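Dear colleague,

I am handing over the structure we spoke about, and I would be glad if you looked through it slowly before reading my notes below.

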2 protein chains.
Amino acid sequence: MPTPSRTSLTEIVSAARAIVESEGLDGLTMQKVASVVGVRAPSLYKHVSGRGELIKLIAEVTVEELSMTLESASRGSDLRVNLDAMARAFREFAHRRPESYRLVFAPTSDEWRPDPAVLAAAVRPVVETAGGLAGSQHGLEAARLVTAWAHGFVTMELAGAFRMEGDIDSAFYFGIERIGASLESARDSVG
Amino acid sequence: MPTPSRTSLTEIVSAARAIVESEGLDGLTMQKVASVVGVRAPSLYKHVSGRGELIKLIAEVTVEELSMTLESASRGSDLRVNLDAMARAFREFAHRRPESYRLVFAPTSDEWRPDPAVLAAAVRPVVETAGGLAGSQHGLEAARLVTAWAHGFVTMELAGAFRMEGDIDSAFYFGIERIGASLESARDSVG
DNA sequence: ACCTGAACACCGTTCAAGT
DNA sequence: ACCTGAACACCGTTCAAGT
């Protein structure tokens, strides 16, 4: 006879997120997820096509959270202040959820890749702020400069590539200051 | 009685590299490596402590290659030209060896992390060029701005995050041009 | 209609036994 | 002194059988 599902997709994804964050991607096994939501591994396949899709869903939820963080950091009226606040919020987010953040841009297979529309939505506040600074004809290019730098910085930081001498914080502030200035001066050059 | 080894560490690492490049990191199994070098999987453990160390060794070889590429791209006398050439060489390298490149800054566990000294050596030409532009008191910060941007850009590109509208090449050239300009103007500001 | 045990095809790694 | 088969402890995924 018909029986109601003992778990749900949302429950599964949030259990998976917690596991990734605490044990890393390698620690994410179907059996662990199943045991957290109180079911056996094969039952997960009623809700999710496999481990790959589960990873993609985690990445998408993470991007959506990041998106909200960036949006609420860029509500001021001064574009340079907004850019600075977004950069700091971006970095703090990555520090808070390093393992989830990692897999947003780490997808080696198509299956893991978050929906491009979700990514595009997250970048929207960056496009607005960076585009406002650089002039709208360079909006997308400016946004890509900012996001590439921010993503590269936190990725290298999380990977431990900055172990050497020097103050990491000051390198971050130097970066955002120089990028902000260079976008403003792009507005003045070629119309 | 003593018997000579039927393979070597170099042979193993280069077989592993080829597998990673053609089948991705997930395709790298000890059994495939073993069969390429003509041995059974357990024998690999005479040369390597495990799959993790093998991954680390691939990352280090890749960084060394990248290092040479950057060095030979920055031998001119004009710093802005050198910066441009290094950025292009960096991007081309990542396009040529996407799978190997990916795992340089992807290490989730300490075991996979390339030796910091190897990384530092690879960044040296960037520190020289960027530091020459921005002034030596900002050398390290400037190098981190450049490498973070370049790494972030190619990572996002490889991950397919730039699927949307817009010309990716022009975004790359915009980025390097703006960064070069902003480093030059950093030299003039605070002494 | 969901859940499960059992099974399949893999992994990485260890180790005693061969040569 | 290296190499190997066999074994161990895992994986993800499938599927027939339960309820």
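In helix α7(A), the buried residues (under 20% relative accessible area with a 1.4 Å probe, protein chains only) include Val118(A), Leu119(A), Ala122(A), Val123(A) and Pro125(A), and the buried residues of this helix pack against α4 (51-73), α5 (79-96), α8 (139-158) and α9 (168-188) of chain A. Please keep in mind that this is a predicted model, in which local features need pLDDT of at least 70 and side-chain atom pairs count only at pLDDT 80 or more, while totals for chains use all residues. Residues are numbered from 1 along each chain as its sequence is written, chains are lettered from A and ligands numbered from 1 in the order in which they are written, and side-chain values use heavy atoms, with hydrogens and water left out.

Helix α7 (residues 116-134) has a kink of about 40 degrees at Val123(A), shortly before the proline Pro125(A); the bend is the angle between axes fitted to the seven residues ending there and the seven starting there. At the N-terminal end of α7(A), Asp115(A) acts as a cap, with a side-chain oxygen 2.9 Å from the backbone nitrogen of Ala117(A), and after the helix comes Gly135(A), whose phi is positive, near 95 degrees.

As for the whole of chain A, there are 9 helices and 0 strands, where helices are DSSP runs (H or I) of at least four residues and strands (E) of at least two, numbered from the N terminus. Of the 191 residues in chain A, 52% are buried.

With best wishes

Technical notes: Buried means under 20% relative accessible area, exposed over 50%, partly exposed in between (1.4 Å probe, protein chains only). Contact means heavy atoms within 4.5 Å. A polar contact is a pair of N or O atoms within 3.5 Å; within protein, one must be able to donate a hydrogen and the other to accept it, and residues adjacent in sequence count only if both atoms are side-chain atoms.
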